[in-house]
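Student: Please go through this model with me. I would like to know how each term is justified.

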Amino acid sequence: PVIAEIASFPSGSSRRRSKSRHSDRSMRLFQESVHGLRTSLVLNESFHHAKVLVVTSSVSQEGKTSVASQLAISYAKATGHRVLLIDGDMRAADIHNAFSIESSPGLAEVLQGDCAPSEAIHTEWSENVHILPAGRLAADPHSLVGNGALTSLMHEVREQYDLIIVDTPPILAANESLVFAKRADAVLMCTMRDVSRLDQVSRAYARLDTA
């Protein structure tokens with residue numbers, strides 16, 4: 001099912017200091033559309049008991065990171081609940097850029113056993129939105145998410161947060177996205193008009209269904 005339609009994210013606006021009136025309006029439209037997505041999820045009975053939400057796509061450039069980031073902010077502001085945003089796309093990390101935080105230590109270091117989750121989670125950006133960046137890879141990401149450390153991490157953060165949103169790699173590009181999906185309670189798949197291809201979306205959906 002289609003849960004919501006998201007307005008276009010204004011290109012480059014997250015890194016631009018002085019924004020035009022058009023860019024401001026585009027950002028407001030984007031934010032409002034994500035509020036609509038959040039409302040649809042909250043009102044969806046099948047989502048009521050979901051605590052871990054994976055946001056993914058079939059291929060890159062389909063808007064998943066923008067949606068995951070803004071959804072975390074929207075949910076925290078609307079509910080006052082604590083939200084953890086995890087950058088699970090260790091191959092092409094970008095969430096640390098959007099929030100202007102250091103990329104390391106992060107998820108990679110936690111899964112490698114180099115640090116505890118509390119040492120890698122950024123809590124200063126917002127009282128209710130905490131961020132676990134991707135970190136720096138020292139091993140194959142698929143082996144990291146399959147070594148049992150991810151299960152332990154998810155169990156720990158489930159106890160600490162009301163909602164965990166995980167931005168994963170595109171499904172067709174990286175198999176570890178299916179491992180994240182299997183540890184989640186729900187999966188939101190992003191597609192983009194005039195960019196996404198029907199055959200790729202169908203193949204990605206089939207892989208999710210199998211996992």
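**Terms and values**

Student: What is the bridge partner of Leu53 in S5?
Tutor: In strand S5, Leu53 is matched with Ala186. Keep in mind that this is a predicted model, where local features need pLDDT of at least 70, side-chain atom pairs count only at pLDDT 80 or more, and totals for chains, interfaces and linings use all residues. Residues are numbered from 1 along each chain as its sequence is written, and side-chain values use heavy atoms, without hydrogens and water.

Student: How do you know that S1 pairs with S5?
Tutor: Pairing asks for at least two bridges found by DSSP between two strands. S1 and S5 (residues 186-190) have five and run parallel, so they pair. S1 also pairs with S4 (residues 163-167), in the parallel sense, over four bridges. There, Leu53 stands opposite Ile165. Strands here are DSSP runs of E with at least two residues, helices are runs of H or I with at least four, and both are numbered from the N terminus.

Student: Why is S1 called largely enclosed?
Tutor: Buried means under 20% relative accessible area, exposed over 50%, and partly exposed in between (1.4 Å probe, protein chains only). Six of the six residues of S1 (residues 52-57) are buried, so the rest of the structure largely encloses this strand. Both faces are covered, with Val52, Val54 and Thr56 buried on one side and Leu53, Val55 and Ser57 on the other.

Student: Why does Ile171 count as buried?
Tutor: Its relative accessibility is 1%, so Ile171 counts as buried. Ile171 lies in the loop between S4 and helix H8 (176-182). Contact means heavy atoms within 4.5 Å. Leaving aside residues up to four places away in sequence, Ile171 touches several residues, including Thr56, Ser57, Met189 and Leu208.

Student: What makes the length of H7 agree with expectation?
Tutor: The expected span is 1.5 Å times one less than the number of residues. For the 12 residues of H7 (residues 149-160) that gives 16 Å, and the end C-alpha atoms are 17 Å apart, which agrees.

Student: Which residues of H7 are buried?
Tutor: They are Leu150, Leu153, Met154 and Val157. These cover an arc of only 95 degrees, so they sit on the same side of H7; the arc is taken from the directions from the helix axis to the C-beta atoms. The face turned away from that buried side carries the exposed His155 and Glu159.

Student: What is the average confidence of the chain?
Tutor: pLDDT is the predictor's confidence in each residue, from 0 to 100. The protein chain averages 91, and 95% of the residues score at least 70. Over residues 13-18, however, the pLDDT is below 50.
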